[in-house]
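Thanks for coming. I have one structure to go through today, and I will take it piece by piece. Please have a look at it first.

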Amino acid sequence: FAAILADGSVVAWGNPYMGGECFISGVKDQLKNVLQIQATDGAFAAILADRSVVTWGMPEHGGDCAAVQEELGHVEQIFATGYAFAAILADGSIVAWGDPDRGGDCSAVRDQLRWL
């Protein structure tokens, strides 16, 4: 589990390899001014006040967004499945990451997803 505290920081607990302890993955210092958190079965994604995204947990569950990090600016909302995340950006486009066989790759339909 993970919770946003009154000061905008995050506390997480549970299995440390599945995101339960955000300090293990080295992102705790980045988790300031958090607006929203979503979770897959093994990772977390947080939207910060500057509309950027921080992820942690199992990479195969979306805990590593490095491949799409440059696209994750101006994020309005994040949704999750068991193994992937999808972010809606301010321009209406969608960015997905996580297990590509379970929703983590929307490149084939990306143009159809605009302005959902």
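Strands S3 and S4 run antiparallel, and 5 bridges join them. To find one of these pairs on your screen, go to glutamine 38; its bridge partner in S4 is alanine 45. Before I go further, note that this is a predicted model.

Now the other neighbour of S4. Strand S4 covers residues 43–48, and 5 bridges join it to S5, again with the two strands running antiparallel. Here the pair to look for is phenylalanine 44 and its bridge partner in S5, tryptophan 56. S4 and S5 form a hairpin, with 4 residues between them. One residue in that turn, arginine 51, has a positive phi of about 70 degrees.

Put those pairings together. What is the order of the strands in this open sheet? The order is S3-S4-S5, which makes an open sheet of 3 strands with antiparallel pairing. S3, residues 34–39, and S5 stand at the edges and have a single partner strand each, so one side of each is left without a neighbour in the sheet. From one strand to the next, the twist averages 20 degrees.

An edge place in the sheet is one matter, and cover is another. Is strand S5 mostly covered or mostly open? S5, residues 53–57, is mostly covered, with 4 of its 5 residues buried.

Two residues from the other strands of this sheet are worth a stop. The first is alanine 46, which is found in strand S4. Its relative accessible area is 0%, and buried means under 20%, so alanine 46 counts as buried. For a sense of distance, take alanine 46 and tryptophan 97: they are 51 residues apart along the chain, and their C-alpha atoms are separated by 14 Å.

The second is glutamine 36, in strand S3. Glutamine 36 is buried as well, with a relative accessible area of 17%. What does the side chain of glutamine 36 reach? It reaches the backbone oxygen of isoleucine 78, at 3.3 Å.

Isoleucine 78 brings us to the next pair of strands. S6, residues 75–80, is joined to S7, residues 84–89, by 5 bridges, and the two run antiparallel. Within this pair, phenylalanine 79 stands opposite alanine 86 in S7. S6 and S7 form a hairpin too, with 3 residues between them.

Next, charges. How many salt bridges does the structure hold? The count is 1. Arginine 110 forms a salt bridge with glutamate 71, and the closest N and O atoms of the pair are 2.6 Å apart. Arginine 110 lies in the segment after strand S8, while glutamate 71 lies in the loop between S5 and S6, so the pair ties together parts that are 39 residues apart in sequence. How covered are the two partners? Arginine 110 counts as partly exposed, at 30% relative accessibility. Glutamate 71 also counts as partly exposed, at 33%.

While we are in the loop between S5 and S6, look for histidine 74, which has its place there. Its phi is near 60 degrees, a positive value in a residue other than glycine. Is histidine 74 buried or exposed? Histidine 74 has a relative accessible area of 58%, and exposed means over 50%, so histidine 74 counts as exposed.

Asparagine 33 has a positive phi as well, near 55 degrees, and is likewise a residue other than glycine. You will find asparagine 33 in the loop between S2 and S3. With a relative accessible area of 49%, asparagine 33 is partly exposed.

Last, the surface towards the start of the chain. Which residues form the nonpolar patch on the surface? They are Phe1, Leu5, Val11 and Trp13, and together they have about 420 Å² of accessible area. Take one of them, leucine 5. It lies in the loop between strand S1, residues 2–4, and strand S2, residues 10–12. Leucine 5 is partly exposed, with a relative accessible area of 40%.

To go back over the main points: there is an open sheet of 3 strands in the order S3-S4-S5, a hairpin formed by S6 and S7, and a salt bridge between arginine 110 and glutamate 71. That is the end of my part.

How values were computed:
Residues numbered from 1 in each chain as written. Predicted model: local features only at pLDDT ≥ 70, side-chain atom pairs only at ≥ 80, totals over all residues. Heavy atoms only, no water. Buried < 20%, exposed > 50% of the residue type's maximum accessible area, 1.4 Å probe, protein only. Pairing = 2+ DSSP bridges. Axes fitted to C-alpha atoms, helices over the stretch in contact; angles between N-to-C directions. Patch = residues over 30% accessible without salt bridge, like charges linked within 9 Å, V, L, I, M, F, W, Y side chains within 5 Å. Areas by Shrake-Rupley, 256 points an atom, 1.4 Å probe, with all protein chains shown as cover. Salt bridge = Lys/Arg side-chain N within 4 Å of Asp/Glu carboxyl O. Polar contact = N/O pair within 3.5 Å; in protein donor to acceptor, adjacent residues only side chain to side chain.
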